Amino acid sequence: MTELEDRLERFETLTAECELISKLATDCTKREFYLNLSEQYRQLAVDMRQAIASKAAA
């Protein structure tokens with residue numbers, strides 16, 4: 001597995017973990033924080049998929 005694929009897997013894992021934490025959080029502030037964090041990790045995963053595709057196409 002390449003370094004980019006490792007990072008993609010890590011971002012996907014972090015996305016899922018943050019989503020779970022946001023669902024379990026009882027504090028509204030923490031819920032929103034982890035929901036926003038999961039969105040940021042999701043976007044990083046999308047960007048990483050694009051980088052992997054670009055590298056494969058080159």
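Let me start with the aromatic rings: a search of the whole structure, which is a predicted model, finds two aromatic pairs. A pair of this kind is described by the distance of the centres and the angle of the planes, and I will give both values for each.

The pair formed by Phe11 and Tyr41 is stacked, with 6.4 Å from centre to centre and 25 degrees between the planes. What I would like you to notice on the screen is that this pair links distant parts of the chain, since Phe11 sits in helix H1, residues 3–24, while Tyr41 sits in helix H2, and the two are 30 residues apart. Is Phe11 buried or exposed? Phe11 counts as buried, because its relative accessibility is 16% and the cut-off for buried is under 20%.

The other pair is made by Phe33 and Tyr34, whose ring centres are 5.1 Å apart and whose planes stand at 85 degrees, so this pair is edge-to-face. Why edge-to-face? Because planes over 60 degrees apart are counted that way, and the angle for Phe33 and Tyr34 is 85 degrees. Phe33 is partly exposed, with a relative accessible area of 48%, and Tyr34 is also partly exposed, at 25%. Phe33 belongs to helix H2, and, measuring by C-alpha atoms in the model, Phe33 and Ile21 are 9.8 Å apart in space while being twelve residues apart in sequence.

Now to the helices themselves. Two packed helices are described by the angle between their axes and the distance between the axes. For H1 and H2, the axes come within 8 Å and cross at roughly 160 degrees, and that makes H1 roughly antiparallel to H2, because the term is used for angles over 145 degrees. The crossing of H1 and H2 is left-handed. As for what the contact of H1 with H2 consists of, its residues divide into 14 nonpolar, three polar and eight charged.

Let me go through some individual positions, beginning with helix H2, which spans residues 28–57. Ser38 is found in this helix, and Ser38 is buried, with a relative accessible area of 0%. Which residues does Ser38 touch, if we leave out those up to four places away in sequence? They are Thr15, Cys18 and Glu19.

Ala45 also has its place in helix H2, and Ala45 is buried, with a relative accessible area of 3%. Leaving out residues up to four places away in sequence, Ala45 touches Leu8, Phe11 and Glu12, so here we meet Phe11 again, the residue that forms the stacked pair with Tyr41. Looking along the chain instead, the C-alpha atoms of Ala45 and Tyr34, which are eleven residues apart, are separated by 16 Å.

Asn36, likewise found in helix H2, is partly exposed, with a relative accessible area of 46%. The C-alpha atoms of Asn36 and Lys23 are separated by 12 Å, and these residues are 13 apart along the chain.

Finally, on the side of helix H1, I would point to Leu14, which lies in that helix and counts as buried at 13% relative accessibility. From Leu14 to Asp27, 13 residues along the chain, the separation of the C-alpha atoms is 20 Å.

To bring this back to the picture in front of you, H1 and H2 run roughly antiparallel with a left-handed crossing, and the stacked pair of Phe11 and Tyr41 has one residue in each of these helices.

Definitions and conventions: Residues are numbered from 1 along each chain as its sequence is written. This is a predicted model: local features need pLDDT of at least 70, side-chain atom pairs count only at pLDDT 80 or more; totals for chains, interfaces and linings use all residues. Side-chain values use heavy atoms; hydrogens and water are left out. Helices (H or I, at least four residues) and strands (E, at least two) are DSSP runs, numbered from the N terminus. Buried means under 20% relative accessible area, exposed over 50%, partly exposed in between (1.4 Å probe, protein chains only). Contact means heavy atoms within 4.5 Å. Rings of Phe, Tyr and Trp (its six-membered ring) pair if their centres lie within 6.5 Å; planes under 30 degrees apart count as stacked, over 60 as edge-to-face and the rest as tilted. Axes are lines fitted to C-alpha atoms, for helices over the stretch in contact, and angles run from 0 to 180 degrees between N-to-C directions. Angles under 35 degrees count as roughly parallel, over 145 as roughly antiparallel, 65 to 115 as roughly perpendicular and the rest as oblique. A crossing is left-handed if the near helix is turned anticlockwise from the far one by less than a right angle, and right-handed if clockwise. Ala, Val, Leu, Ile, Met, Phe, Trp, Tyr, Cys and Pro count as nonpolar, Asp, Glu, Lys and Arg as charged, and the others, Gly among them, as polar.
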